[in-house]
Amino acid sequence: MILFLGGTSETAPLAEALAEAGFTMLVSTATDIPLDVGNHPLISRRCGRLDRDSMSRLAAESGITAIVDASHPYASDVHATARDVANSLKIPYFVWIRPAGLSNEDFVCLALDHAEAARIAFSFGSPVLLTTGSKNLIPYASESARTGVPLIARVLNHPESVEACRSAGIPPHHILTGKGPFSLEQNLMAIRMFHIKVIVTKDSGLPGGIAEKAEAARLTDCRLVVVQRPEITDAQGFNDVSELISAVKKSLSGPQVRSRE
């Protein structure tokens, strides 16, 4: 059985492609938010965040023979945990790398991390729309409080995400909830509603809606502050499904792959 770390829009097509190739898939997602993980009979799902110990236990108890990591491009903690677990169990580890979706534009400001992104975003003195999720709110909430510049946070419509915003001191009327990727029209609506002039985002690739955010920023003369992706090292990275399947097949044999005859 393969442990497939999902949670993005690629979860279903990748899991189904691997299942069609004959692999039994256990799709793991951090939350129980409704998500299409594929309808193939070889696919099952479990929910809940995994640290190193719990992932190791899950792998041992479920007979995991490989890990395919298709978690979010910015989920550096997940990548590191999965790689360490695979190394400790001496099983193959593969990572799906979603191509970046931004080109070089003069309204784009790159930041090395969230602390730098927050400093840049609030330096313009105009309302900021934060679209990077609920995990790294503190630097932005702190800069908003220090500068007096309004912060609008757009997060998942999930109790954990909303509570994280409230704990960070973001007023309820400055919390937008929804499930991305968001359309151009949805981005424009948020920009106009709160008089946004700065958008903070990640380059999560085209499936993550980066093109729609960039176009909305261009049309409304907004600055786009982009947190750079963490590097993924010491792993077999793929952005082609057939190449991923070939690599998994090469690494695994025997009962893991079911005959399709």
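The legends below describe an overall view and several close-up views of one predicted protein model. In this predicted model, local features need pLDDT of at least 70 and side-chain atom pairs count only at pLDDT 80 or more, while totals for chains, interfaces and linings use all residues. Residues are numbered from 1 along each chain as its sequence is written, and side-chain values use heavy atoms, with hydrogens and water left out.

**Figure 1. Overall view of the protein chain, with nine helices and 12 strands.**
Helices (H or I, at least four residues) and strands (E, at least two) are DSSP runs, numbered from the N terminus. The radius of gyration is 20 Å, close to the 18 Å of the globule rule for 261 residues, so the chain is as compact as a globular protein of that length. This radius is taken over C-alpha atoms, and the globule rule is 2.2 Å times the number of residues to the power 0.38. Along the principal axes, the C-alpha atoms fill a box of roughly 60 × 35 × 30 Å. Of the 261 residues, 49% count as buried; buried means under 20% relative accessible area, exposed over 50%, and partly exposed in between (1.4 Å probe, protein chains only). The chain exposes about 12800 Å², of which carbon and sulfur atoms supply 51%. Accessible areas come from the Shrake-Rupley method with a 1.4 Å probe, and for residues only the protein chains shown count as cover. Among contacts (heavy atoms within 4.5 Å) between residues at least 6 apart in sequence, 65% join residues at least 24 apart.

**Figure 2. Helix 1 and its surroundings.**
Helix 1 spans residues 11-20, and its buried residues include T11, A12, L14, A15, L18 and A19. The cover over the buried residues of this helix includes strand 1 (2-5), strand 2 (25-29), strand 3, strand 4 (66-69), strand 5 (93-96) and helix 9 (241-251). G22 follows the helix and has a positive phi, near 105 degrees.

**Figure 3. L50 in the loop between strand 3 and helix 2.**
Strand 3 covers residues 43-47 and helix 2 covers residues 52-62. L50 counts as partly exposed, because its relative accessibility is 22%. Apart from neighbours within four places in sequence, L50 is in contact with S28, M55, L58 and T81. A30 is 20 residues from L50 along the chain, and their C-alpha atoms are separated by 7.3 Å.

**Figure 4. D69 in strand 4.**
D69 has 0% relative accessibility and therefore counts as buried. Leaving aside neighbours within four places in sequence, its contacts are L5, V78, H79, A82, Y93, F94, V95 and W96. The C-alpha atoms of D69 and V155 are separated by 23 Å, with their positions 86 residues apart along the chain.

**Figure 5. K90 and H195, two loop residues with positive phi.**
K90 is not a glycine, yet its phi is positive, about 60 degrees. The residue lies in the loop between helix 3 (76-89) and strand 5. K90 counts as exposed because its relative accessibility is 74%. H195, also not a glycine, has a positive phi of about 55 degrees. The loop that holds H195 runs between helix 7 and strand 10 (198-202). At 61% relative accessibility, H195 counts as exposed.

**Figure 6. The cis peptide bond from G180 to P181.**
Omega for this bond is near 0 degrees. P181 is placed in the loop between strand 9 (175-177) and helix 7 (184-194).

**Figure 7. V225 in strand 11.**
Strand 11 comprises residues 223-227. V225 is buried, with 0% relative accessibility. Outside its neighbours within four places in sequence, V225 is in contact with C109, A111, A117, I120, A121, V198, I199, V200 and T201. K202 is 23 residues away from V225 in sequence and 8.3 Å away in space, C-alpha to C-alpha.

**Figure 8. C165 and C222 in a structure with zero disulfides.**
A disulfide is a pair of cysteine sulfur atoms within 2.5 Å. C165 is in no disulfide, and the nearest cysteine sulfur, that of C222, is 20 Å away. C165 counts as buried at 0% relative accessibility. For C222, the closest cysteine sulfur is in C109 at 12 Å, which is too far for a bond. C222 is buried too, with a relative accessible area of 2%.
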